[in-house]
Amino acid sequence: MVTWSDLVRPPRLQDSDTDAGQQRTATWLELFFDLAFVVVVGELTVGLRNDLTLHGVLVFAGLFTSVWWAWAGFTFYANRFDTDDVVYRLAKLTAMLAVAGLAASATDATGSLAAQFALCQAALRLVLVGLLLRAFRHVVQARNLLAVYLMAEGVAAVLWLAGAVVPSAARYGCWAVAVAAEVAAPIMATMRSAGLPLHVEHLPERFGLFVILVLGESIAAIAVGVHETRWEPASITVAVIGFVATVSLWWTYFDLAGAAATQTLADRGGHRSTLLHDLYAYGHWPIALGLAAAGVGLEGTIVDSGQPTLAPGIRWALCGGVALYLFALTAIQGGITGSLRSSLPWPGIGAPLVLVVGFASGFRPVVVLAAVTVVLVGEVVGGLAKQRRGTLTTPDPEKGP
C-alpha cells in the first residue's frame with residue numbers, strides 16, 4: 001500500500017558512498033525532460049540555418065548557452081537532491097511546460113517573441129528556485145552550496161523577468177548578466193562547499209545523454225538534406241560521408257576521448273565535489289554547442305551538394321562546430337589530468353586540422369565534408385590505437401566509471 005510518506009519525500013543529500021552501494025542512474029523523468037530541451041535546440045538550429053552570418057552565429061550561441069545552463073541547473077540539482085517524489089515530479093513537469101514555451105518562441109527569440117522567450121526562461125528559474133528552497137530547508141549540511149545556487153538562480157529569474165519588459169537595448173544586457181550568474185555558480189559553490197558528495201556515475205551519464213540527443217540532430221539533418229534534394233545522386237554521396245562523420249563524432253566521445261575523460265574524472269575526482277567535476281561540466285557546454293552547429297553545417301552541405309563551391313556560412317558552421325567540439329574534448333582531458341600533454345597530439349590535433357579545412361574556400365561541398373570526415377575518422381583510428389596500446393584508459397562498459 002502506498003502511503004503519504006512514499007509520495008512526498010523531502011530532499012536529502014544523495015551520497016553514492018553511503019546509499020547502500022546503489023548506482024545512481026538517470027530516471028525516466030530526466031530522459032523525458034531532456035527530450036523537451038532537444039526540441040528547443042532543434043528550433044534554435046532552424047534560426048541558425050536561416051541566418052548563417054556572424055550575427056546569426058552569435059545569436060545562436062547566446063540563446064543556446066542560456067538554454068544549456070537552464071538544463072544544467074536542473075541536472076546539478078537532481079544529481080544531489082532528487083528523491084523523485086510527487087513534489088519534485090510536479091515541479092519538473094511544470095518546468096517542461098516552460099521549456100515547451102521556449103521551443104515555441106526560440107526561432108524569433110530576439111524579435112517579436114522576445115518577451116515570451118524571456119518569460120519562459122524566468123519561469124524555468126523560478127521552478128528551480130522553489131526546488132532549491134525546499135532543499136535548503138531540509139538539507140542543512142548543504143546550505144552553503146544551496147545558498148550560492150539560490151542567489152544565482154534568483155538573480156537570473158529577476159533579470160529574465162526584467163528582460164521581458166525593458167527596451168531591446170537593455171533586454172540583452174539583462175539576459176547576458178542572468179546567464180553569467182549561472183555560469184559562475186558551480187565554481188563558487190564548489191569553493192564554498194568543497195567535499196560534498198555527488199554521484200559521479202550520474203553526472204557523466206546526464207551529460208552523455210544530452211550529447212547523444214544533440215548528435216541525433218545530425219542524423220535528422222542528413223535525412224532532411226536528402227529529402228530536400230529529392231535523393232539526387234550528389235546529395236546521397238554527401239549524406240553517406242556525413243553519416244560517417246557523425247558516427248565518428250559519436251565514437252570519439254562515447255568510446256574514446258569522452259570515455260577516457262569520464263574514467264579520469266572517476267579516478268581523480270572521486271565522489272566528492274571538486275573543481276575537476278566543474279571542469280568536466282563546463283567542457284560539455286562547448287561540446288553540445290559545437291555539435292549543434294555542426295549539424296546545421298552538415299544539412300547545408302547536403303542541400304548545396306550540387307553547387308560548385310560551399311557557401312562560407314555553411315562551411316564555417318560545419319568546420320567551426322566540429323573544431324569547437326574537438327577543442328572542448330581536448331581541454332577536458334588535459335584539464336582533468338592536469339597535463340595538456342595528455343591530450344596532445346591526440347585528440348588535440350584534429351581541431352586545428354578542421355579549422356584549416358574551414359579556411360580553404362573554393363572547394364566543392366563533397367570535398368569539404370570529405371576532408372572533415374577524414375580528420376574525424378583519423379581521430380577514431382588514433383584513439384583505438386592508444387586504447388589497444390593501453391595508453392588510453394576508458395571505463396569498463398559492464399562496470400561503468
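I took buried to mean under 20% relative accessible area. The model I examined is predicted.

**Entry 1: aromatic pairs.** I searched the whole structure for paired aromatic rings and obtained 22 pairs. I looked up W68 and W71 among them: their ring centres lie 5.8 Å apart with 50° between the planes, and the pair is tilted. I then checked where the two residues sit in the chain. They are three residues apart in helix α3, which spans residues 54–81, so about one helical turn separates W68 from W71. I also looked up their accessibility and noted that W68 and W71 are both buried.

**Entry 2: Y253 and F254.** I next turned to the rings of Y253 and F254, whose centres are 4.6 Å apart. Their planes meet at 75°, over the 60 degrees required, and therefore I recorded the pair as edge-to-face. Y253 has a relative accessible area of 5%, so I entered Y253 as buried. F254 has a relative accessible area of 25%, and I entered F254 as partly exposed.

**Entry 3: the cluster.** I followed the ring pairs outward from W68 and W71 and found that they belong to a cluster linked by such pairs. The other members I listed are W69, F76, Y149, F207, F210, Y280, Y282 and W285.

**Entry 4: charges over rings.** Finally, I looked for charged side-chain ends positioned over aromatic rings. I noted K92, whose charged end sits over the ring of F33 at 4.5 Å from the ring centre. I also noted R171, with its charged end over the ring of Y172, 5.9 Å from the centre of that ring.

Notes
Residues are numbered from 1 along each chain as its sequence is written. This is a predicted model: local features need pLDDT of at least 70, side-chain atom pairs count only at pLDDT 80 or more; totals for chains, interfaces and linings use all residues. Side-chain values use heavy atoms; hydrogens and water are left out. Rings of Phe, Tyr and Trp (its six-membered ring) pair if their centres lie within 6.5 Å; planes under 30 degrees apart count as stacked, over 60 as edge-to-face and the rest as tilted. Helices (H or I, at least four residues) and strands (E, at least two) are DSSP runs, numbered from the N terminus. Buried means under 20% relative accessible area, exposed over 50%, partly exposed in between (1.4 Å probe, protein chains only). A charge sits over a ring if NZ of Lys or CZ of Arg is within 6 Å of the ring centre and within 35 degrees of the ring normal.
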